[in-house]
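Me: I've got a structure here and I'd like to go through the labels people put on it. Can you tell me what backs each one up?

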Amino acid sequence: MSPRSGDDVDRRSPRRRNVPIGAAVAVLVPGLLLRVTSPHLPHPVEALVFGLAIVGAAFLLAWAAEVAQLDISAGAAIAVLAFIAVLPEYAVDLIFAWKGGNAFEEFGASCQQPGATGESPCSLALANMTGANRLLIGVGWSMVVFVAWTRWRAKGMSDRRIELDRSRSVELAFLAVASLYSLSLPLKRTVTLVDAAVLVAIFMAYTVRISRAPAEEPHLIGPAETIGGLPQGPRRATVAVMFLGAGAIILLCAEPFAEALVETGADVGISEFLLVQWLAPLASETPELLVAGLYAWRLNTDNGLGTLVSSKVNQWTLLVGTLPVVFAIASGGLHGLPILSRQREELLLTAAQSVFALAILANLSMSVREAWALFGLFWAQFVLGAVLPASLHGAELVAVSVVYLVLAVAMMVRNRRRLVPLMRDGLRAPYERLLADR
């Protein structure tokens, strides 16, 4: 059985399709060598080398995960691939959560030695998580629409809105449940083990729900298509090697990458918080964003946006839910991950953005105008932060959060008749009914 057919087929020669694999291996090898030999290099160089290694390994994981769908059952695929999807991001965030737990055990709720300057590991754990989630929506979701719009214009088409299959109601419904719950996090002093239990339970319910979907032939593109075209034995061996090798490299490079980022901020006078919040997620999210962009370029917009929506569910449930668990283990108790004032505002903005994005997709579509709204509001915090005086820093996060929530309420009121059917489809309707309209 061919993994793909029709217009989706990549018509480049196998040699050209293998170029991305060679490039991914080429950028991860220096990081692996640096990790093994441990030479003393400037911190910015270390951050760059280890960051590129994570990017390269994340690409290999993404391709292997796509091909693995040919050989494992639907239920196993959902559980395994969901974890793999967040592994690069999780590996980096786990380091900060673990360091935060150790610091909490030693120094108390401040997670920092008295008199020390810079950001605490507890702050950096939440910084990495909030940055990854906002980047995925503000840049990723809108990018799919922009790329598709560019292709429509090139083909002389007048389309200005992408549509999602009705079956995407499942991801949106569970994301809605998680997002509504996440609005309570900024009101708390810690992200507790109770929060972890709730969010992980949402993820597990989501996993069970989508494991009931009928098995479908995956749409493989680029290197994944090349690997998927191998005979069964070599294909499975290749996927196993890619999983094990890329996973090991990510775990080996995550800690030195995290430490190099923090030290780079201290060396060059840039906020460690900003570096960890944006550069670290950019490294781990790049493969997924590029794959989604490639789907959009081929006008397979349901898979392009649907992939990123699914990733958002994973990050907003599994990733967020496991952070306090790792923190509690490292701190030697049942303490929750502390939420300081800056992190409270970051959590509010992240949750508000998620609610607004869901309001946009309540009708299972996104227009170019709505994509611009997501993209523009994502950058609004940086523009406002640059013009506001230092004494008001943080106010821009609250202001943009309010805008997100006001717009979300307005859109939900406008689409109120679609909300109940969306949730019913997502939580209860049999997949046979959801797929009947295809």
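Me: Which residues form the aromatic cluster?

Reply: This is a predicted model, and in it one aromatic cluster is formed by F146, W278, W372, F375, F378, W379 and F382. The structure holds 13 aromatic pairs.

Me: Take F146 and F375. Why is that pair called edge-to-face?

Reply: Two numbers do the work. A pair of aromatic rings is described by the distance of the centres and the angle of the planes. For F146 and F375 the centres are 5.8 Å apart, and the cut-off for pairing is within 6.5 Å. Their planes make an angle of 85°, and over 60 degrees counts as edge-to-face, so F146 and F375 get that label.

Me: And what makes this pair a link between distant parts of the chain?

Reply: F146 belongs to helix 5 (residues 121-154) and F375 to helix 13 (residues 368-387), with the two positions 229 residues apart.

Me: Are those two rings buried or exposed?

Reply: One of each sort, nearly. F146 has 16% relative accessibility, and buried means under 20%, so F146 counts as buried. F375 comes out at 26%, which falls between 20% and the 50% limit for exposed, so F375 is partly exposed.

Me: What makes F378 and F382 edge-to-face as well?

Reply: Run the test again: the ring centres are 5.7 Å apart and the planes stand at 70°. That angle is over 60 degrees, so the label is edge-to-face. F378 and F382 sit four residues apart in helix 13, so about one helical turn separates them. F378 is buried because its relative accessible area is 3%, while F382, at 27%, is partly exposed.

Me: How do you know that the charge of R151 sits over a ring?

Reply: The charged end of R151 is 4.3 Å from the centre of the W297 ring, and the distance limit is within 6 Å. R153 does it too: its charged end sits over the ring of W149, 5.1 Å from the centre.

Me: Which residues have the most contacts inside the largest nonpolar core?

Reply: W141, L305 and M366, in a core of 119 residues. Helix 5 supplies the largest share of this core, 15 residues. Leaving aside neighbours within four places in sequence, L305 is in contact with W141, V144, I162, L164, L361 and M366.

Me: Why does T301 count as buried?

Reply: Its relative accessibility is 10%, and the limit is under 20%, so T301 counts as buried. T301 lies in helix 11 (residues 301-331). Beyond its neighbours within four places in sequence, T301 has contacts that include V144, A148 and E163. From T301 to E163 the C-alpha distance is 7.4 Å, although they are 138 residues apart in sequence.

Me: Zooming out, why is the protein called as compact as a globular protein of its length?

Reply: The protein has 16 helices and four strands. Its radius of gyration is 21 Å, close to the 22 Å that the globule rule gives for 438 residues, so the protein is as compact as a globular protein of that length. Along the principal axes, the C-alpha atoms fill a box of roughly 65 × 55 × 40 Å. Buried residues make up 53% of the 438.

Me: How much surface does the protein expose?

Reply: About 18,800 Å², with carbon and sulfur atoms supplying 64% of it.

Key:
Residues are numbered from 1 along each chain as its sequence is written. This is a predicted model: local features need pLDDT of at least 70, side-chain atom pairs count only at pLDDT 80 or more; totals for chains, interfaces and linings use all residues. Side-chain values use heavy atoms; hydrogens and water are left out. Rings of Phe, Tyr and Trp (its six-membered ring) pair if their centres lie within 6.5 Å; planes under 30 degrees apart count as stacked, over 60 as edge-to-face and the rest as tilted. Buried means under 20% relative accessible area, exposed over 50%, partly exposed in between (1.4 Å probe, protein chains only). A charge sits over a ring if NZ of Lys or CZ of Arg is within 6 Å of the ring centre and within 35 degrees of the ring normal. A nonpolar core is a set of buried Ala, Val, Leu, Ile, Met, Phe, Trp, Tyr and Cys residues joined through side-chain atoms within 4.5 Å. Contact means heavy atoms within 4.5 Å. The radius of gyration is taken over C-alpha atoms; the globule rule is 2.2 Å times the number of residues to the power 0.38. Accessible areas come from the Shrake-Rupley method with a 1.4 Å probe; for residues, only the protein chains shown count as cover.
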